[in-house]
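Biologist: Before I accept the labels on this model, I would like to hear what each one rests on. Please set the value beside the rule each time.

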Amino acid sequence: MKAAELNNKKFEIKELPSVHLKEGQTGAVVKVDACGLCGSDIVKIFTGVAKDGSVLGHEVVGHIVEINTRTDFEVGDRVVLGHHVPCFNCQYCYGESYSMCEQFKSTNIYPGGFSEYIYVSELHLENTVFKANYSIPDEHAIFTEPVACCLRAVKRLKLTQGSKVLVIGLGSIGLLTGQLLRYVGYQPYGADILDERIKLAEEYGFEGVFKVTDKDLKEQVKEITKYGFDGIFLSAGSDSSVELAKSLVRNGGTILVFSSSKTNVGYLHNDIYYRELTVIGSYSPSPLDLEESYDIIERGKIRLDELVHEYKLENINQALEDTLSNKIMKACIRL
Ligand SMILES: [Zn+2]
Ligand SMILES: [Zn+2]
């Protein structure tokens, strides 16, 4: 089977032994039809977390070709899936910190979504695999996992209805988040440096969109919010965006951290104390978020068309390059 293996910060198309269920082995083999290239894949490539020879990709839509299971999935089912499965029975899971659960971290699909076939365990089938309707195109179905990540983050904000929330960074995650903020009852605002993304955010129903480099940005924000934003959703990872978040959140407001920063820049202790700031992280979705996310996509509650560009597996390096240069927002890799 064809797969894109990592080699020296690039993908290399290789012929790997095909994945099959062994005699008596439970789980399923899924033929991958498409897989999204995630920002986290790119971070893993350039920080060296993903080793040479590994196969990345987890935003999968495909169909089951082999199965041995207690669940009611069958060969031929079209599915979307999440790659990590929490145990629901540990201190982390009880506290809803599912992505910190040891089982969550140790479970995965094999070898990875940028591969023609993947193995999906029984545990996955029971928790993080969902039947997908044929009416949803592949290039929408691949958003199940990223939308679930954003949905969990939006829920963790826990602000009052109608709160004004600023999304800093209007790539695909930012534009998804704006729509989800609206979906749960907040007023989404956006900020970016790229004009075309600002324009798109306006089309996507953001209440207002700011250009980060505007000299009078703070005055503009003050005019709209008086004291600053109730919440900030930080989907950009630059150090300056962290500073921007601190300067635009109101006293008593919440900053939701949804990106890594290159220099691991911090929040000042006294800011948090005297300004009563809440800084909260959100990493990866729970199975419940995945289910709800798929439902939101199936019901057409969020707009996705302008966010996604399709590439053949053979052109995955071009997809990586185009994402890095901000030429596109989300690459959907076809297998
Ligand atoms: Zn992802
Ligand atoms: Zn657990």
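**Labels and their grounds**

Modeller: Glu-96 lies in the loop between helix 2 (91-94) and helix 3; helices (H or I, at least four residues) and strands (E, at least two) are DSSP runs numbered from the N terminus. The model is predicted, so local features are given at pLDDT of at least 70 and side-chain atom pairs at pLDDT 80 or more, while totals for chains, interfaces and linings use all residues. Residues count from 1 along each chain as its sequence is written, and chains are lettered from A and ligands numbered from 1 in written order.

Biologist: Why is Glu-96 called partly exposed?

Modeller: Glu-96 has 14 C-beta neighbours inside 10 Å. A residue is buried with 20 or more other C-beta atoms within 10 Å of its own, exposed with 12 or fewer, and partly exposed in between, the C-beta atoms being placed from the backbone. The count for Glu-96 is in the middle range, so the label is partly exposed. Glu-96 also has a positive phi of about 65 degrees, though it is not a glycine.

Biologist: Which class does Asn-326 fall into, and why?

Modeller: Asn-326 has 12 C-beta neighbours inside 10 Å, so it counts as exposed. Its loop runs between helix 13 (316-324) and strand 15 (330-334). Asn-326 too is a non-glycine with positive phi, of about 60 degrees. Lys-327 sits in the loop between helix 13 and strand 15, and with 11 other C-beta atoms within 10 Å it is exposed. The C-alpha atoms of Lys-327 and Thr-177 are 20 Å apart, with the two positions 150 residues apart along the chain.

Biologist: What makes Gly-113 buried, given that it is placed in a loop?

Modeller: The loop is the one between helix 3 (102-106) and strand 6 (117-120). Gly-113 has 30 C-beta neighbours inside 10 Å, so it counts as buried. Beyond residues up to four places away in sequence, Gly-113 touches Val-32, Cys-35, Gly-57, His-58, Glu-59, Val-60 and Ile-118; contact requires C-beta atoms, placed from the backbone, within 7 Å. Pro-111 is found in the loop between helix 3 and strand 6 as well.

Biologist: How do you know that the peptide bond from Tyr-110 to Pro-111 is cis?

Modeller: The omega of that bond is near 0 degrees.

Biologist: Why is Glu-207 called partly exposed, and what does it touch?

Modeller: Glu-207 has 18 C-beta neighbours inside 10 Å, so it counts as partly exposed. This residue is in the loop between helix 8 (195-203) and strand 10. Outside the four places on either side in sequence, Glu-207 touches Gln-187, Pro-188 and Tyr-189. The C-alpha atoms of Glu-207 and Pro-188, 19 residues apart along the chain, are separated by 5.7 Å.

Biologist: What makes strand 10 (208-211) an edge strand?

Modeller: Strand 10 pairs on one side only, as does strand 13 (278-281); pairing takes at least two DSSP bridges between two strands. The open sheet has six strands in the order 10-9-8-11-12-13, paired in parallel. Strand 9 (residues 187-192) and strand 10 are joined in the parallel sense by four bridges, against the minimum of two. Ala-191 has Phe-210 of strand 10 as its bridge partner. Helix 9 (residues 217-225) packs on the sheet and touches strand 8 (164-168), strand 10, strand 11 (229-234) and strand 12 (249-257). The directions of helix 9 and strand 10 make about 165 degrees, on axes fitted to C-alpha atoms (for helices, over the stretch in contact) and angles from 0 to 180 degrees between N-to-C directions.

Biologist: How do you know that the largest nonpolar core lies between the domains?

Modeller: The chain divides into domain 1 (2-143 + 304-334) and domain 2 (153-281), with bounds from an automatic or database domain assignment. The largest nonpolar core has 98 residues, and Ile-168, Ile-232, Leu-234 and Ile-333 have the most contacts inside it. Such a core is a set of buried Ala, Val, Leu, Ile, Met, Phe, Trp, Tyr and Cys residues joined through C-beta atoms within 7 Å. Domain 1 and domain 2 both give residues to this core, so it lies between them. Among the contacts of Ile-333, leaving aside neighbours within four places in sequence, are Ala-34, Phe-114 and Leu-313. Seven residues of domain 1 are in contact with seven of domain 2, and the centres of the two domains, taken over C-alpha atoms, are 29 Å apart.

Definitions and conventions: Contact = placed C-beta atoms within 7 Å.
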